[in-house]
Amino acid sequence: MILNKETAIKTAELLLQIKAIKLEPQQPFTWASGWKSPIYCDNRIILSYPPIRNFVREHFARQIEELYGKPDVIAGVATGAIGIGMLVAEYMNLPFIYVRPEAKGHGRKNQIEGILENGQSVVVIEDLISTGNSSLNAVKALKEANANIKGMLAIFSYGFQVAEDNFTESGIELHTLSNYEHLIDTALKTNYINASEAGTLKSWRQDPSNWKP
């Protein structure tokens, strides 16, 4: 869910500006899953641009307080959201933890790194939502540690139906700073893409696993 349209548009503009999101309808990327895609997103690039990372952390903090007040802990999903999650926690003067995809096989064998007390309220920060599986895997680990999950905020979502279904089924509220619809609209209005390329990008999102360029 998008809370603020102006924030969504500005976030999309910034992600395109620094090439954290690349749109290549004519020369699609290949994802790790094997999917062919006209879009590639790496929001970790935000960390290299102080004004933009500040914009993201401040809008995250503003939306967290608007939605949930002040939680006890901010949690980042490893690895993509560790950096921005820590910035949000610092800005809000809150403790920070992060959640690995699975427990380490050595040492203390932690999946959750940092201090989480029983029953503490947690807001989870993600950088990107595709299917939602890895994000909800982190939520599962936090719930097993008896955390009170208030919700999740992410920088960007592709808006796949499977992700919406997964979050609905899990009962976790998801809010994003921007999403696919605002990205395509912004890219079209700023002449980053043309109308034909916008059509290609919209058709990919309808059935990404079977899409062919």
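1. A crossover is right-handed if, with the strands pointing away from the viewer, the path from the first strand over the helix to the second runs clockwise. In this predicted model, strand S8, helix H4 (residues 133-144) and strand S9 form a β-α-β unit of that right-handed kind.

2. The sheet. Six strands make up an open sheet with mixed pairing, and their order is S7-S6-S5-S8-S9-S10. Its edges are strand S7 (112-113) and S10, each of which pairs on one side only.

3. Strand S5. This strand covers residues 73-77, and 5 of its 5 residues are buried. Val-73, Ala-75 and Val-77 point one way from S5, while Ile-74 and Gly-76 point the other way; all are buried. Burial is therefore found on both sides of the strand, the cut-off being under 20% relative accessible area.

4. Neighbours of S5. Strand S8 (residues 121-129) runs parallel to S5 and is joined to it by 4 bridges. Within this pair, Val-73 stands opposite Val-122, and Gly-76 stands opposite Ile-125. Strand S6 (residues 96-99) also pairs with S5 in the parallel sense, over 4 bridges. There Gly-76 has Tyr-98 of S6 opposite. To get from S5 to S6 the chain passes through helix H3 (residues 82-92), and this β-α-β crossover is right-handed.

5. Residue Ala-81. Ala-81 sits in the loop between S5 and H3. Its relative accessibility is 0%, so Ala-81 counts as buried. Leaving aside residues up to four places away in sequence, Ala-81 touches Gly-76, Ile-125, Glu-126 and Asp-127. Of these, Gly-76 and Ile-125 stand opposite each other in the pairing of S5 with S8. Thr-30, by comparison, is 51 residues from Ala-81 in sequence, with a C-alpha to C-alpha separation of 22 Å.

6. Strand S9. What makes strand S9 (residues 148-157) largely enclosed by the rest of the structure? Of its 10 residues 8 are buried, so the strand counts as largely enclosed. S9 pairs with S8 in the parallel sense over 8 bridges, and Val-124 stands opposite Met-152 of S9 in that pairing. S9 also pairs with strand S10 (residues 174-179), again in the parallel sense, over 5 bridges. Here Met-152 stands opposite Leu-174 of S10. The connection from S9 to S10 runs through helix H5 (residues 161-170), and this β-α-β crossover is right-handed.

7. Helix H4 on the sheet. H4 lies across S5, S6, S7, S8 and S9. The angle between H4 and S8 is about 165°.

8. Helices H1 and H6. The axes of helix H1 (residues 5-17) and helix H6 (residues 180-189) come within 9 Å of each other and cross at roughly 65°. This crossing is right-handed. On the H1 side the contact is made by Lys-5, Ala-8, Ile-9, Ala-12, Glu-13 and Leu-16, and on the H6 side by His-182, Leu-183, Thr-186 and Ala-187. By class, the contact holds 6 nonpolar, 2 polar and 2 charged residues.

9. Points to check in the viewer. Gly-76 can serve as a reference residue: it is buried, stands opposite Ile-125 in S8 and Tyr-98 in S6, and is touched by Ala-81. Met-152 can serve likewise for S9, with Val-124 of S8 opposite and Leu-174 of S10 opposite.

How values were computed
Residues are numbered from 1 along each chain as its sequence is written. This is a predicted model: local features need pLDDT of at least 70, side-chain atom pairs count only at pLDDT 80 or more; totals for chains, interfaces and linings use all residues. Side-chain values use heavy atoms; hydrogens and water are left out. Buried means under 20% relative accessible area, exposed over 50%, partly exposed in between (1.4 Å probe, protein chains only). Helices (H or I, at least four residues) and strands (E, at least two) are DSSP runs, numbered from the N terminus. Two strands pair if DSSP finds at least two bridges between them. Axes are lines fitted to C-alpha atoms, for helices over the stretch in contact, and angles run from 0 to 180 degrees between N-to-C directions. A crossing is left-handed if the near helix is turned anticlockwise from the far one by less than a right angle, and right-handed if clockwise. Contact means heavy atoms within 4.5 Å. Ala, Val, Leu, Ile, Met, Phe, Trp, Tyr, Cys and Pro count as nonpolar, Asp, Glu, Lys and Arg as charged, and the others, Gly among them, as polar.
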